[in-house]
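Trainee: Could you take me through one part of this structure slowly, and show me how it sits among its neighbours? I would love to look closely at a single helix and then see what lies around it.

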Amino acid sequence: MIATESLSKRFPRVTALDRLSVDVGPGVTGLVGANGAGKSTLIKILLGLSPATEGRAAVLGLDVATRGGDIRERVGYMPEHDCLPPDVSATEFVVHMARMSGLPPAAARERTADTLRHVGLYEERYRPIGGYSTGMKQRVKLAQALVHDPQLVFLDEPTNGLDPVGRDEMLGLIRRIHTDFGISVLVTSHLLGELERTCDHVVVIDGGKLLRSSSTTDFTQRTAILAVEVTDTDEHPDGTGALREALHARDVETHDGSGLPGAGHILLLTAQGEETYDLVRDVVADLGLGLVRMEQRRHHIAEVFKDSDEQAARDAEARSALKDGDEQRKEAVGHGG
Ligand SMILES: Nc1ncnc2c1ncn2[C@@H]1O[C@H](COP(=O)(O)OP(=O)(O)OP(=O)(O)O)[C@@H](O)[C@H]1O
């Protein structure tokens, strides 16, 4: 779908892409990197909107330097920043974008209605966009990227500004773009954790350089830390302790976050794939505990890659997962109060 070869982009004061060579196949691919890593720059080059300083790239077999128009005909683009006109409705805007892509009026209206329904916009699609929430605006941006039935879409930070529920809904939609319509997706984020759940393949860049490109399974097997929280019961007044013991008896390594807030309530363990999830679920059920949550914690790129010592990295992840858990609890308390 996408191939780049020693692709560089230099601005007067910064190198945004530095000899990037990467191949992206069909499916859902995550492009992960901290702010300023070069994700948006790469997308603009791939769309033929901005020339590379050096190197080559092709999208769907078309050279970005010479076939930009053909690429944009076949590829949808959801930009990162707010770019929607406030005084027209979602329907008017998406019909307009469909017409710009060359669809005849009737087909443009029909595709617009289907696409807006697919992204979860119903009656509100007739209201002016200016009154929409961030989540609704993100959906309109997604709809305009899909309306001309592209083979591939580039989604630049589609979860930006969304709350956890909105983020999960958006990630679900992104997954369905591929499973329901067979459209391949390149989606950017600065959070590795959220893309691990959504993507078949993950490409990580930092300072414009390729850090890693691998299937999500390979990735998660090496880095997955699960945070598990359970209830206490009369039989097991220390539910977490009972779970820890039962897991140790089954040779599952757990992390100790001694001295950190939340350490008593959250158990961290290294997931070895799907089986670990099933095992934890079964052990929790056998003990008669309630499972409050079991989730893969979000990695920030820097934590995963900047630390060359694997053990030190694992400890840092474990500590940070505890902090995340603590923050989430505080948030939950905040919401509750
Ligand atoms: N037109 C430009 N002129 C000068 N520098 C630029 C320009 N566009 C991007 N840059 C710089 O190139 C680097 C990469 O920017 P880019 O927008 O591609 O990063 P990103 O990974 O998409 O991050 P973000 O999500 O914050 O946009 C940054 O240092 C940015 O300041």
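Mentor: Of the 337 residues of the chain, 38% count as buried. Keep in mind that this is a predicted model. The chain has twelve helices and 14 strands, and among contacts between residues at least 6 apart in sequence, 69% join residues at least 24 apart.

Let us pick helix α9, which covers residues 239-249. Its buried residues are Gly 239, Thr 240, Ala 242, Leu 243 and Leu 247. Looking down the axis of α9, you find these buried residues within an arc of 160°, so they line one face of the helix. A general point helps here: an α-helix has 3.6 residues a turn, so residues three or four places apart point the same way. The face of α9 turned away from the buried side carries His 248 and Ala 249, which are exposed. Just after the helix comes Asp 251, with a positive phi near 65°.

What do the buried residues of α9 pack against? Their partners are three strands, β11 (225-230), β12 (254-255) and β13 (266-270), together with helix α10 (274-287). Those three strands belong to an open sheet of four strands, ordered β12-β13-β11-β14, with antiparallel pairing. The edge strands of this sheet are β12 and β14 (291-296), each pairing on one side only. Between β12 and β13 there are two bridges, in the antiparallel sense, and His 255 stands opposite Leu 268 in β13. As for α10, this helix lies across β11 and β14 and runs at about 170° to β14.

Now that you have seen a helix beside a sheet, try the same way of looking elsewhere in the chain. Another open sheet of four strands has the order β2-β1-β4-β5, again with antiparallel pairing. Here the edge strands are β2 and β5 (62-63), and each of them pairs on one side only. Helix α1 packs on this sheet, where it touches β1, β2 and β4, and its direction makes about 115° with that of β1.

Follow the strands themselves for a moment. Strand β1 (residues 2-10) and strand β2 (residues 15-24) run antiparallel and are joined by six bridges. One pair to find on your screen is Ala 3 with its bridge partner in β2, Asp 23. A hairpin of four residues takes the chain from β1 to β2. On the other side of the order, strand β4 (residues 54-59) pairs with β5 over two bridges, in the antiparallel sense, and Ala 58 stands opposite Asp 63 in β5.

Helix α1 also leads us to the ligand. The ligand is surrounded by 13 residues, and the closest are Phe 11, Ala 16, Asn 35, Ser 40 and Thr 41. Helix α1 (residues 39-46) gives the most to this shell, with three residues. By kind, the shell divides into four nonpolar, six polar and three charged residues.

For a strand to set beside the helix we began with, look at β3 (residues 28-32). Five of its five residues are buried, so β3 is largely enclosed by the rest of the structure. In a regular strand the side chains alternate between the two faces of the sheet. You can see this in β3: Val 28, Gly 30 and Val 32 point one way, Thr 29 and Leu 31 point the other way, and all are buried. Strand β3 runs parallel to strand β8 (residues 184-189), with five bridges between them, and parallel to strand β9 (residues 201-206), with four bridges. Thr 29 has a bridge partner in each: Leu 186 in β8 and His 201 in β9.

Let me end with an exposed residue, His 81, which sits in the loop between β6 (75-78) and α3 (90-100). His 81 counts as exposed because 9 other C-beta atoms lie within 10 Å, and the cut-off for exposed is 12 or fewer. Compare that with the buried side of α9, where Leu 243 and Leu 247 are among the buried residues.

Conventions: Residues are numbered from 1 along each chain as its sequence is written. This is a predicted model: local features need pLDDT of at least 70, side-chain atom pairs count only at pLDDT 80 or more; totals for chains, interfaces and linings use all residues. A residue is near a molecule or strand if its C-beta atom, placed from the backbone, lies within 6 Å of it. Ala, Val, Leu, Ile, Met, Phe, Trp, Tyr, Cys and Pro count as nonpolar, Asp, Glu, Lys and Arg as charged, and the others, Gly among them, as polar. A residue is buried if 20 or more other C-beta atoms lie within 10 Å of its own, exposed if 12 or fewer, and partly exposed in between; C-beta atoms are placed from the backbone. The arc is that of the directions from the helix axis to the C-beta atoms. Two residues are in contact if their C-beta atoms, placed from the backbone, lie within 7 Å. Two strands pair if DSSP finds at least two bridges between them. Axes are lines fitted to C-alpha atoms, for helices over the stretch in contact, and angles run from 0 to 180 degrees between N-to-C directions.
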